[in-house]
Amino acid sequence: MTLSDSTIDKIRRLQPDLTLVYSDGNAELTGVFRVSHNDEYVDEYLISLKISSTYPGKQPDLMEIGGRIPCTRDMHKNPEDKTCCYISPEDYCIWRVNND
């Protein structure tokens, strides 16, 4: 999995504190993800976003690795593998249909 130059440029512009690393055909973004609303800073989270070499067949795994979000299903975080739920079931179904 290799991200396009335009995608990398956009990530660097919007989230300059994320680092991109390639390993075994997979891509991983790690670092501070800044949250804003209407161009106003809201909060930030330490994250890891793993993009499989099979993308878009498999959606990326997002993990909040700074320990700020409790690891419970109520907080949309899977206790088994620590991944975060960042897409609704309905949107996931649409995403799967469009990426199979």
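Begin by selecting Lys58, which is partly exposed at 35% relative accessibility. The model on the screen is predicted. Add Asp61 to the selection: the side chains of Lys58 and Asp61 meet in a salt bridge, with 3.0 Å from N to O. Asp61 also counts as partly exposed, at 28% relative accessibility. Side chains of opposite charge can pair when their charged atoms come close. The count for the structure comes to 6 salt bridges.

Next, select Asp17, Arg34 and Glu44, which salt bridges with shared partners join into one network. Examine Arg34 and Asp17 first; their closest N and O atoms are 2.5 Å apart. Arg34 lies in strand β2 (residues 26-37) and Asp17 in the loop between α1 (5-14) and β1 (18-23), so this salt bridge ties together parts that are 17 residues apart in sequence. Relative accessible area is 35% for Arg34 and 33% for Asp17.

Turn now to Glu44, whose salt bridge with Arg34 has its closest N and O atoms 2.2 Å apart. This pair links strand β3 (residues 40-51), which holds Glu44, with strand β2, which holds Arg34; the two residues are 10 apart. Glu44 is partly exposed, with 28% relative accessibility.

Finally, turn to the cysteines. How many disulfides does a search of the whole structure find? The search finds 0. Select Cys71: the nearest cysteine sulfur belongs to Cys84 and is 8.1 Å away. A disulfide requires two cysteine sulfur atoms within 2.5 Å, and Cys71 is in none. Then select Cys93, which is likewise in no disulfide, the nearest cysteine sulfur being that of Cys85 at 12 Å. Cys93 is partly exposed, at 49% relative accessibility.

Definitions and conventions. Residues numbered from 1 in each chain as written. Predicted model: local features only at pLDDT ≥ 70, side-chain atom pairs only at ≥ 80, totals over all residues. Heavy atoms only, no water. Buried < 20%, exposed > 50% of the residue type's maximum accessible area, 1.4 Å probe, protein only. Salt bridge = Lys/Arg side-chain N within 4 Å of Asp/Glu carboxyl O. Helix = DSSP H or I, 4+ residues; strand = E, 2+ residues; numbered from the N terminus.
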